[in-house]
Amino acid sequence: SATYAYSRGGAIARGENLNAPINGVRPDPSFGNVIEIISDGRSRLHELQTNLTINQGALFPLNKAAPRISYKRSTLFLNYTIATNRNNSDGAFSVAPTGNQETEWGPSNNDRRHRFGVNFNNQNIKNLGVGIGMNVTSGIPYTIRTGFDDNGDLIYNDRPAGVGRNTLRAEGSLSVNLNVNYNWQFGPAAGRPPGIGVMVNGGNAEVRTFDAPSRFRIGVFLFAQNLTNHANYTGYSGTMPSPFFIQPTAVQQTRRVEA
């Protein structure tokens, strides 16, 4: 499947400094910054999302007579999204450092161009469920700042001359996740009627009944987030005088294992 979406946003809030210094002098020296919220910002989003599912056999609960091992009990999911998201406002109180809102048009703060995911789930061994997935995303943008109050408005968002908003990109992220579970059912039937499911294979639909669930069930599981402990960096600094200029300052989604 494939889905294309186009979204156009208008009346987005942004800030305008009514008392910004002119040649170093504020129009009304009795006040500092006076920020008025104006709703004339805009945004544009283009997004194409694609999905592919390869399903040899739906992972329904298995009957007692089901074979112990079957390689048909597996499903593969693939998805890829490419998008571009642009706007000219970082929020209701964000003020354009140049005083001209048109110079703020650029990638939005959450503009991820590429997202890719793959998940493989299987119950090839009866009662044993294994799922492994990988997610890859491209980096989000951030802005170069001079680190100084060049226009004297006491807002430290000034950019070098000729440099637009959100022109730098952070590194992307990668995460591999693993989920393993094993369940035993035992004891008499719980008394409920057996379940009914519909399997669709191509143009054919098959109605199946399943054994009534047993009264007792014991399960063990293991879940690992970011199994490879890949360093997904964040907190990039675009401030030019900083020793961390164009460097990350933190990591996110470190490895976590639950059992």
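**Exercise 1. Describe the overall surface and shape of the protein chain.**

Solution. The accessible surface of the protein chain comes to about 15800 Å², and 56% of this belongs to carbon and sulfur atoms; the areas follow the Shrake-Rupley method with a 1.4 Å probe, and for residues only the protein chains shown count as cover. The model is a predicted one, in which local features need pLDDT of at least 70 and side-chain atom pairs count only at pLDDT 80 or more, while totals for chains, interfaces and linings use all residues. Residues are numbered from 1 along each chain as its sequence is written, and side-chain values use heavy atoms, with hydrogens and water left out.

Next, take the dimensions: the C-alpha trace spans about 85 × 40 × 30 Å along its principal axes. The radius of gyration of the protein chain is 27 Å, whereas a compact globule of 259 residues would have one near 18 Å (taken over C-alpha atoms, with the globule rule being 2.2 Å times the number of residues to the power 0.38). Finally, 28% of the 259 residues count as buried, where buried means under 20% relative accessible area, exposed over 50%, and partly exposed in between, with a 1.4 Å probe and protein chains only.

**Exercise 2. Work out how strand E3 is paired with other strands.**

Solution. Begin with the inventory: the protein chain has zero helices and 15 strands, these being DSSP runs numbered from the N terminus (helices H or I, at least four residues; strands E, at least two). Two strands pair if DSSP finds at least two bridges between them.

Strand E3 (residues 74-87) is joined to strand E2 (residues 35-55) by 13 bridges, and the two run antiparallel; here Glu47 has Ala83 of E3 as its bridge partner. Nine bridges join E3 to strand E5 (residues 114-122), again antiparallel, and Leu76 has Phe120 of E5 as its partner. Two bridges join E3 to strand E4 (residues 106-107), also antiparallel, with Pro107 in E4 as the bridge partner of Arg86.

**Exercise 3. Characterise the surroundings of Asn232, and then the backbone of the loop before its strand.**

Solution. Asn232 is found in strand E13 (residues 232-234) and is buried, with a relative accessible area of 1%. Its side chain reaches the backbone nitrogen of Leu174 at 2.8 Å. Leaving aside neighbours within four places in sequence, Asn232 is in contact (heavy atoms within 4.5 Å) with several residues, including Gly172, Ser173, Leu174 and Asn226.

Asn226 itself lies in the loop between strand E12 (214-225) and E13, and its phi is near 55°, a positive value in a residue other than glycine. Asn229, in the loop between E12 and E13, likewise has a positive phi of about 55° although it is not a glycine. As to accessibility, Asn226 counts as buried at 0%, whereas Asn229 counts as partly exposed at 36%.

**Exercise 4. Classify the aromatic pair formed by Phe186 and Phe216, and place it in the chain.**

Solution. Rings of Phe, Tyr and Trp (its six-membered ring) pair if their centres lie within 6.5 Å, and planes under 30 degrees apart count as stacked, over 60 as edge-to-face and the rest as tilted. The count by this rule comes to three aromatic pairs. Phe186 and Phe216 form one that is stacked, at 5.5 Å centre to centre with 25° between the planes. Phe186 lies in strand E9 (residues 173-189) and Phe216 in strand E12, so the pair ties together parts that are 30 residues apart in sequence. Phe186 is partly exposed, with a relative accessible area of 40%, and Phe216 is partly exposed, with 42%.

Methods: A polar contact is a pair of N or O atoms within 3.5 Å; within protein, one must be able to donate a hydrogen and the other to accept it, and residues adjacent in sequence count only if both atoms are side-chain atoms.
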